[in-house]
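User: Please introduce this structure to a newcomer through a short series of questions.

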Amino acid sequence: MKNYRLVLDLKGNIKVFRQFWIDESENRNTVHPLLTYADLMNKGDRRCTETAKKTYDEYLQNQF
């Protein structure tokens, strides 16, 4: 909890995963754009969907 500055939440647990992608050029202090895109799309909110589209257009469209 100290390493990640987590605060106790009585509503649930948190899972911490190791980075699963390999790209040495990526900044280690940010999440991969694919995870950002998926999380935003999962929200179902119009503003989140707009931001997800921008993320896709800028970082992902040429990768798939």
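User: How many salt bridges does the count come to?

Analyst: This is a predicted model, in which local features need pLDDT of at least 70 and side-chain atom pairs count only at pLDDT 80 or more, while totals for chains, interfaces and linings use all residues. Residues are numbered from 1 along each chain as its sequence is written, and side-chain values use heavy atoms, with hydrogens and water left out. A salt bridge is a side-chain nitrogen of Lys or Arg within 4 Å of a carboxyl oxygen of Asp or Glu. By this rule the count is 2.

User: Which residue forms a salt bridge with Glu 50?

Analyst: Side chains of opposite charge can pair when their charged atoms come close. Glu 50 is partly exposed, at a relative accessible area of 41%, where buried means under 20%, exposed over 50% and partly exposed in between (1.4 Å probe, protein chains only). Its partner lies 4 residues away in helix H2, about one helical turn. The closest N and O atoms are 2.7 Å apart, and the partner is Arg 46.

User: What is the distance between the closest N and O atoms of Asp 57 and Lys 53?

Analyst: Asp 57 and Lys 53 stand 4 residues apart in helix H2, so about one helical turn separates them. Asp 57 counts as partly exposed, with 32% relative accessibility. The two residues form a salt bridge, and the distance between their closest N and O atoms is 3.0 Å.

User: How far apart are the end C-alpha atoms of helix H2?

Analyst: Helices (H or I, at least four residues) and strands (E, at least two) are DSSP runs, numbered from the N terminus. The expected span of a helix is 1.5 Å times one less than its number of residues. For the 15 residues of H2 (residues 46-60) this gives 21 Å, which agrees with the distance between the end C-alpha atoms, 20 Å.

User: Within what arc do the buried residues of H2 fall?

Analyst: The buried residues of H2 are Cys 48, Ala 52, Thr 55 and Leu 60. Seen down the helix axis, they line one face of H2, because their directions fall within a limited arc. The arc is that of the directions from the helix axis to the C-beta atoms. Its value is 65°.

User: Which exposed residues does the face of H2 turned away from its buried side carry?

Analyst: An α-helix has 3.6 residues a turn, so residues three or four places apart point the same way. One of the residues on this face has a relative accessible area of 59% and is therefore exposed. The face carries Arg 46, Arg 47, Lys 54 and Glu 58.

User: Is His 32 buried or exposed?

Analyst: His 32 is placed in the segment before H1. A polar atom of its side chain lies 3.0 Å from the backbone nitrogen of Leu 34. With a relative accessible area of 14%, His 32 is buried.

Key: A polar contact is a pair of N or O atoms within 3.5 Å; within protein, one must be able to donate a hydrogen and the other to accept it, and residues adjacent in sequence count only if both atoms are side-chain atoms.
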